[in-house]
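Me: I would like a close look at a single part of this structure. Please take one strand, go through its surroundings step by step, and keep the wording plain.

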Amino acid sequence: MNNNENAARRQIVEIGRRMYDKGYVAASEGNISVRLDKNHVLTTPTGCSKGFLEASELTVVRLNGEIISGRKPSTELPLHLFIYQNRCDVNSVVHAHPPYATGFATAGIALDRCALAEIIVTLGSIPLARYGAPSTDELPRSLEPHIAKSDAFLLANHGVVTVGVDLKDAYFTMERVEHAAHIIFVARALGGEKSLPQKDVEKLYDLRKSYGIDEKHQTPCNQEASCNCKQTLTETEFEATVQAVIEAVRKRLYT
Ligand SMILES: [Zn+2]
């Protein structure tokens, strides 16, 4: 076991405790994984509370799902592997059931209105993936239309999955999603959130671009044959994608 794997084990234990303490998961719900190298992933075992994890209990698997060491992995492992296979820029995946965001997912409501400046800049919109039965390939398949465009996804009638360049990044995205869902819930109790005007949304998307947030979605593929990543866009394709996002935002605001 190298230093990189040791650090990843400690970090999964730490983040698992935080998720449990914050009420993002109950009992043995949720799962966490970290990409160790181009073909190995460290992940949480099945049936195990994230609040009481031990570093030695974690499981190492290959990107094809083969178990290398540790206990039987979470039944949601295919969801994690699907993401790693399709997003070269992602090195960690977090899945949880935080109550506000999961409430929106259960009510069938995406968090995609342009109302919170912070969320527009950091996450863009948070799509709602159609329902897929847990522990089946329906769940990874439900992410297919959204996987390249966002770092956070609501899973209909289920929960939330977030991704990041590392575990802290994926976890903070989970916090952001739940915090935003809580705020929108309060705003709706007070009469409903007010969407920002188009010109302000465009400025926020420019800001997002200047932070390089969109560019990370087009990191050149370095995972060779194991990767299905389709994000090696040309500059023209990238510009067209950005325009499509702005167009979608406009539509959302004015139709
Ligand atoms: Zn779940």
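Reply: This is a predicted model, and the part taken here is strand β8. Its side chains alternate: G159, V161 and V163 point one way from β8, while V160, T162 and G164 point the other way. Residues on both sides are buried, with no exception among these six. A residue counts as buried if 20 or more other C-beta atoms lie within 10 Å of its own. Because six of the six residues in β8, which covers residues 159-164, are buried, the strand is largely enclosed by the rest of the structure.

Next come the strands that pair with β8. One of them is β7, made of residues 152-155, which runs antiparallel to β8 and is joined to it by four bridges. Within this pairing, L154 has V160 of β8 as its bridge partner. The two strands form a hairpin with three residues between them. In that hairpin N157 has a positive phi, near 55 degrees.

Another partner is β5, residues 92-96, which is also antiparallel to β8 and has five bridges to it. Here V94 is the residue opposite T162.

For contrast with the buried strand, consider Y100, a residue of helix α3, which spans residues 99-107. Y100 counts as partly exposed because it has 19 C-beta neighbours inside 10 Å. Leaving aside residues up to four places away in sequence, Y100 touches E178, A181, H182 and F185. The C-alpha atoms of Y100 and H179 are 8.2 Å apart, although 79 residues separate the two in sequence.

Notes:
Residues are numbered from 1 along each chain as its sequence is written. This is a predicted model: local features need pLDDT of at least 70, side-chain atom pairs count only at pLDDT 80 or more; totals for chains, interfaces and linings use all residues. A residue is buried if 20 or more other C-beta atoms lie within 10 Å of its own, exposed if 12 or fewer, and partly exposed in between; C-beta atoms are placed from the backbone. Two residues are in contact if their C-beta atoms, placed from the backbone, lie within 7 Å. Two strands pair if DSSP finds at least two bridges between them.
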